[in-house]
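Dear colleague,

I am handing over the structure below, together with some notes on what turned up when I went through it. Please read the notes with the coordinates open beside you.

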Amino acid sequence: MSHPHPELGPPPKLPKGGLRVTPLGGLGEIGRNMTVFEFDGRLLIVDCGVLFPEEEQPGIDLILPDFSSVRDRLDDIEGIVLTHGHEDHIGAVPYLLREKPDIPLIGSKLTLALIEAKLQEHRIRPYTLEVKEGERENLGPFDCEFIAVNHSIPDALAVAIRTGAGLVVATGDFKMDQLPLDNRLTDLHAFARLSEEGIDLLLSDSTNAEVPGFVPPERDISNAIRGVFAGAQKRIIVASFASHVHRIQQILDAAHEYGRRVAFVGRSMVRNMGIARDLGYLRVPAGLIVDVKTLDDLPDDEVVLVCTGSQGEPMAALSRMANRDHQIRIVPGDTVILASSLIPGNENAVYRVINGLTRWGANVVHKGNAKVHVSGHASAGELLYFYNICKPRNLMPVHGEWRHLRANAELGAMTGVPKDRIVIAEDGVVVDLIDGKARISGKVQAGYVYVDGLSVGDVTDASLKDRRILGDEGIISVFVVVDSTTGKVVSGPNIQARGSGIEDSAFAAILPKIEDAIARAGADGVAEPHQIQQLIRRTMGKWVSDGYRRRPMILPVVVEV
């Protein structure tokens with residue numbers, strides 16, 4: 001991604017009384033949200049999430065924020081405030097706690113329950129501090145007040161951070177649904193009170209800043225879901241985020257109304273819904289939930305399956321069903337509901353799954369053809385309303401791609417925030433709040449850290465480029481045995497190709513060219529294996545490029561005898 005501040009170097013030492021804000025993720029992307037606040041030598045982290053890989057990152061499981069800028073200061077961290085329980089805000093916590101397991105986690109009841117279950121899989125027992133809206137906690141020099149906000153998961157919080165440098169408010173993800181399913185409204189009264197105190201810097205969710213108007217109420221989709229249930233003749237399969245408790249509640253209510261049983265599919269879905277039920281966030285009628293193993297005993301028109309995979313994730317249950325790689329087989333007449341939005345970058349993967357499901361005869365219902373999803377993020381109308389309440393002295397759009405950040409900045413300017421006090425930053429760009437004004441002061445390292453199986457950070461961009469070449473162009477290996485004294489070919493060349501699109505018989509044409517090139521090199525006194533490997537790579541590469549317009553990975557192996 002291009003950097004709009006290429007001239008920036010490391011930030012200077014933070015002046016006494018100043019507050020430093022360093023986003024390590026979530027700016028210029030949807031995901032990987034993590035912001036570090038520094039005051040008086042101490043650090044406070046708000047959120048620590050993951051980004052999910054796209055097609056050009058083959059083999060990658062997760063993408064983490066880069067912790068290198070805080071790695072030498074782990075003892076300075078007062079805590080990690082978690083605004084809510086979505087993966088893009090809590091998913092990287094286990095990887096940071098691997099480096100220092102006793103960093104306190106601060107969040108609401110549901111958020112902490114979700115992260116504790118995740119940490120249990122990593123064999124980490126965290127120190128947690130449960131907070132509720134309206135409460136204040138002193139975390140070192142950071143006086144934190146927690147504010148209720150409405151989002152697509154219960155128990156979401158904004159956080160107001162008071163320091164000697166002023167009052168900073170981080171909204172987290174929020175919208176202003178006036179008829180939320182749990183009757184928990186975004187606390188506009190609290191934001192108005194903070195406005196009276198004076199908000200020196202507002203970090204505001206930008207995801208829907210381009211969308212005009214207001215987000216429809218969550219309960220508006222109930223009728224659409226009930227309509228799908230009323231018309232479904234066979235099984236209903238619902239794909240949703242494993243943490244979207246409100247959406248799952250609506251599915252359970254519709255299933256109960258239409259006499260169907262519900263089975264959760266997938267480890268994360270089973271775990272999260274169990275937590276939500278145990279804590280009282282999910283109301284489950286008696287006898288409604290059944291084990292997936294008992295579904296064969298029920299008629300198809302009495303079955304609802306709830307699974308993950310609404311973003312086309314290749315290993316999720318829905319993708320595997322579409323690929324005929326799951327124990328649950330899609331049959332003609334099944335109805336599949338994708339009850340979530342499309343995260344930017346996932347469009348191709350989602351439509352691939354939709355096409356796969358349709359191929360097997362499923363009726364696929366999604367946001368594009370039915371009102372089965374509403375966003376969890378405030379649209380432009382809500383943001384304008386919000387800024388007129390908050391009246392921030394400085395504004396920093398966060399959580400969004402570049403177009404979202406720009407649009408959010410323009411909304412702030414429309415409500416009277418001076419343009420020279422609106423800071424559009426990106427991951428790693430350091431923003432200092434000094435004497436009441438926010439300004440960019442430098443940048444720190446904030447690149448992608450890739451998780452590949454058990455490997456964390458070992459895969460580089462160069463490795464991913466190799467993987468893309470292998471996937472797109474294939475590989476050709478050339479094995480040659482040469483005489484270490486004369487440099488002449490003793491055996492070979494033997495050529496093996498995979499995924500190159502070139503018939504094995506075609507390589508007979510290149511064999512004499514390689515032998516001739518090696519012989520000429522030997523006559524010139526070139527006998528070092530590495531030099532011969534480079535010679536083979538160039539000779540083979542030119543032949544493939546000229547004859548086939550392809551650029552496979554070429555792997556020469558030279559053995560001396």
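Which residues of H12 are buried? Before the answer, please keep in mind that this is a predicted model, and that what follows should be read in that light.

The buried residues of H12 are His404, Leu405, Ala407, Asn408, Ala409, Leu411 and Gly412, and what covers them includes strand S12 (201-205), helix H11 (380-390) and strand S18 (395-398). Helix H12 itself takes in residues 402-414, and its 13 residues reach 19 Å from the first C-alpha to the last, which is close to the 18 Å expected at 1.5 Å a residue. Just after H12 comes Gly416, with a positive phi of about 105°.

Helix H10 (residues 347-359) can be described along similar lines. At 1.5 Å a residue its 13 residues should span 18 Å, and the C-alpha atoms at its ends are indeed 18 Å apart, so the expected and computed values agree. Buried in H10 are Ala349, Val350, Val353, Ile354, Gly356 and Leu357; because these buried residues fall within an arc of 165° when seen down the helix axis, they line one face of H10. That buried side packs against helix H9 (317-322), strand S16 (335-338) and strand S17 (363-365), whereas the face turned away from it carries the exposed residues Asn348, Asn355 and Arg359. H10 is followed by Gly361, whose phi is positive and near 100°.

You may also wish to look at the second largest pocket, whose volume is about 250 Å³. It is lined by 16 residues, of which Leu181, His246, Gln249, Asp253 and Arg283 are the closest to its centre. Helix H6 (221-231) and helix H7 (245-257) each supply at least two residues of this lining, and H7 gives the largest share, with six residues. Sorted by class, the lining of this pocket holds seven charged, five polar and four nonpolar residues.

Finally, there is a single lysine to inspect: is Lys118 buried or exposed? Lys118 is found in helix H4 (residues 109-121), and its relative accessibility is 11%, so with buried meaning under 20% it counts as buried. Leaving aside neighbours within four places in sequence, Lys118 is in contact with Glu87, Gly91, Pro94 and Arg271.

With best wishes

Key
Residues are numbered from 1 along each chain as its sequence is written. This is a predicted model: local features need pLDDT of at least 70, side-chain atom pairs count only at pLDDT 80 or more; totals for chains, interfaces and linings use all residues. Side-chain values use heavy atoms; hydrogens and water are left out. Helices (H or I, at least four residues) and strands (E, at least two) are DSSP runs, numbered from the N terminus. Buried means under 20% relative accessible area, exposed over 50%, partly exposed in between (1.4 Å probe, protein chains only). Contact means heavy atoms within 4.5 Å. On a 1 Å grid over the protein atoms alone, a cavity is a set of points where a 1.4 Å probe fits but cannot get out, and a pocket is an open set with protein on both sides within 12 Å along at least five of seven lines; lining residues have an atom within 4 Å of a point. Grid points are joined across faces, edges and corners, and a volume is the space filled by probe spheres set on the points. Ala, Val, Leu, Ile, Met, Phe, Trp, Tyr, Cys and Pro count as nonpolar, Asp, Glu, Lys and Arg as charged, and the others, Gly among them, as polar. The expected span of a helix is 1.5 Å times one less than its number of residues. The arc is that of the directions from the helix axis to the C-beta atoms.
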